[in-house]
Amino acid sequence: MKNSNHELDLALLSDATALAHLFDDRQSQHGAVNPPVVHASLFAYPDYETWKANVTGEKRRAFTYHRSGNPTVKLLEQKIAHLEHAPDCIASSSGMSAISMVLFGLLEAGDHVLCVKTVYGPVRAMFASIFSKFGVEITYFDSEQSTDLSPLLRDNTKLIYLESPSTGVFEIQDLRAVAKLARERNIWTAIDNTWATPLYQKPLDLGIDISIHSGTKYIAGHSDLMLGLVAGTEDAMKLVRRVYSQLGASLAPDDAYLALRGLRTLPLRLKRHEASALEIAQWLEAHPMVTEVMHPGLHSFEGHQLHRSQCSGDSGLFSFSLQARSEAARAAFVNSLAFFSLGYSWGGYESLLSPLAFSYYGNDELRQDLGLSDHMFRVSIGLEEPADLIADLERALDAYKQTD
Ligand SMILES: Cc1ncc(COP(=O)(O)O)c(C=O)c1O
């Protein structure tokens, strides 16, 4: 803000204005409108007494060692905490490191976790390869079951892990119902909120304890950095903070600076991603070669009403299925696209496509259980002109139809 004399009701401040001003202390940085990038592995103490006061807790220093905190990273954490309506947030070096911090912070040997089955694949892999080794049991559930998970609860259920909307086949879980049940039973709840971003879905307002982001996606927005974010209630964050420095996944200050830069245009970019993706999803829905479009913002989408009751807008990632044809036809479709790069990530300025034929490749049983087929594709709609993207898809669908 211009200076610190302005007393504002933060609850009334719109997210876009908060992102442009809140927590920026410009006069303390020579009036510079952008925050300094603080490159420092350590923050030196002026004398013996200050060191002692920090260690004994008599007077804690804000920063001591980068792995447990840095001023540039802190500014990013403050802004995300504000957007998530959370008292605290931790930024880390990737979405997966943020997820690891939550799981290592909350779980102990012998615990049971309920996890939505359409969760981001590497989380499933982490449960199988790391947490099962420590005696943590996992039960996967269908999004439809989220309205009442009580039949799946056990005495040792410690955490319910959600991803809504999920980011392959876009299923919606009932956040209010899960939060209510979990609070009654003293069970933690965490959600991967990457798709909706902290602008469109505020899980803590619905009773969820922890909201996690791969900030690599829309928050960074330019496909040039990795970032994880965890925002949560005071009690939950106490447990996550305990392990955060030990896991050593701190965010570099340059990446925090770039993420802060991305954040400033997030409200604008999201509106464009949202409008373009919806227009393209509707166009695809009407195309004769398309059998299904999985976009939570479409009225035809199962779960649309539940989604709208807990998420105020839509981002630009969705999937669709084509009429079954040969692999050569699928290759012709993909290779005919000029503006859709082929890649895993999403949420950047550029459009991307991923063939879902290769998700959980070779594990047909799981692919069937998750509703994945060889004719499904996921697209991340970028900031290009939607008419150009539609023309590109139209050319590629013609190639698909003409290839045997
Ligand atoms: C839904 C979702 N959650 C988490 C992650 C992990 O984030 P990162 O790649 O930043 O580690 C991803 C990455 O693609 C994702 O799509």
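Which helix lies across β1, β6 and β7? In this predicted model, that place belongs to helix α3, residues 71-84, which runs at about 130° to β1. The strands beneath this question are part of a sheet that makes a good starting point for a walk through the structure.

The sheet in question is open and has 7 strands in the order β1-β7-β6-β5-β4-β2-β3, with mixed pairing. Its edges are formed by β1 (88-92) and β3 (137-141), each of which pairs on one side only. From one strand to the next, the twist averages 20°. A further helix, α4 (residues 95-106), lies across β1, β4, β5, β6 and β7 and runs at about 155° to β6.

Strand β1 deserves a closer look. It is joined to β7 by 5 bridges, and the two strands run antiparallel. Within this pairing, Ser-92 stands opposite Gly-228 of β7. Although β1 is an edge strand, 5 of its 5 residues are buried, so β1 is largely enclosed by the rest of the structure. The burial holds for both faces: Asp-88, Ile-90 and Ser-92 point one way, Cys-89 and Ala-91 point the other way, and all are buried.

Elsewhere in this sheet, the pairing takes the parallel sense. Strand β5 (residues 188-192) and strand β6 (residues 210-214) pair in this way over 3 bridges, and Ala-190 stands opposite Ile-210 in β6.

Strand β4 (157-163) offers a detailed view of one side chain, that of Thr-157. With a relative accessible area of 7%, below the 20% cut-off, Thr-157 counts as buried. The side chain of Thr-157 makes a polar contact with the side chain of His-112 at 2.8 Å. A polar atom of the Thr-157 side chain also lies 2.7 Å from the backbone nitrogen of Arg-154. Leaving aside residues up to four places away in sequence, Thr-157 touches His-112, Leu-114 and Ile-187. His-112 thus appears both among the residues touched by Thr-157 and as its side-chain polar partner.

Several backbone features are also worth a visit. Most residues other than glycine have a negative phi, and most peptide bonds are trans. Against that background, the peptide bond from Ser-164 to Pro-165 is cis, with omega near -10°. Pro-165 is placed in the loop between β4 and α6 (175-184). Asn-186, found in the loop between α6 and β5, has a positive phi near 60°. Thr-197 also has a positive phi, near 65°, but lies in helix α7 (residues 197-200). The surroundings of these two residues contrast: Asn-186 is exposed, with a relative accessible area of 72%, whereas Thr-197 is buried, with a value of 1%.

A second open sheet has 5 strands in the order β8-β9-β12-β11-β10, again with mixed pairing. At its edges stand β8 (290-294) and β10 (341-342); each has a single partner strand, so one side of each is left without a neighbour in the sheet. Strand β8 is joined by 4 bridges to β9 (residues 317-322), and these strands run antiparallel. One of the matched pairs is Val-290 with its bridge partner Leu-322 in β9. Helix α9 (residues 253-285) lies across β8 and β9, and runs at about 10° to β9.

On the scale of the whole chain, the protein is divided into domain 1 (10-261) and domain 2 (265-402). The centres of the two domains, taken over C-alpha atoms, are separated by 28 Å. Their contact takes 36 residues from domain 1 and 42 residues from domain 2. The size of an interface is often given as the accessible area lost when the parts come together. Here, the area buried between domain 1 and domain 2 is about 3,200 Å², and carbon and sulfur atoms give 61% of it. On the domain 1 side, Trp-195, Tyr-200 and Tyr-218 lose the most area to domain 2, together 28% of what that side buries.

Methods
Residues numbered from 1 in each chain as written. Predicted model: local features only at pLDDT ≥ 70, side-chain atom pairs only at ≥ 80, totals over all residues. Heavy atoms only, no water. Pairing = 2+ DSSP bridges. Contact = heavy atoms within 4.5 Å. Axes fitted to C-alpha atoms, helices over the stretch in contact; angles between N-to-C directions. Buried < 20%, exposed > 50% of the residue type's maximum accessible area, 1.4 Å probe, protein only. Polar contact = N/O pair within 3.5 Å; in protein donor to acceptor, adjacent residues only side chain to side chain. Domains from an automatic or database assignment. Buried area = accessible area lost by both parts, 1.4 Å probe.
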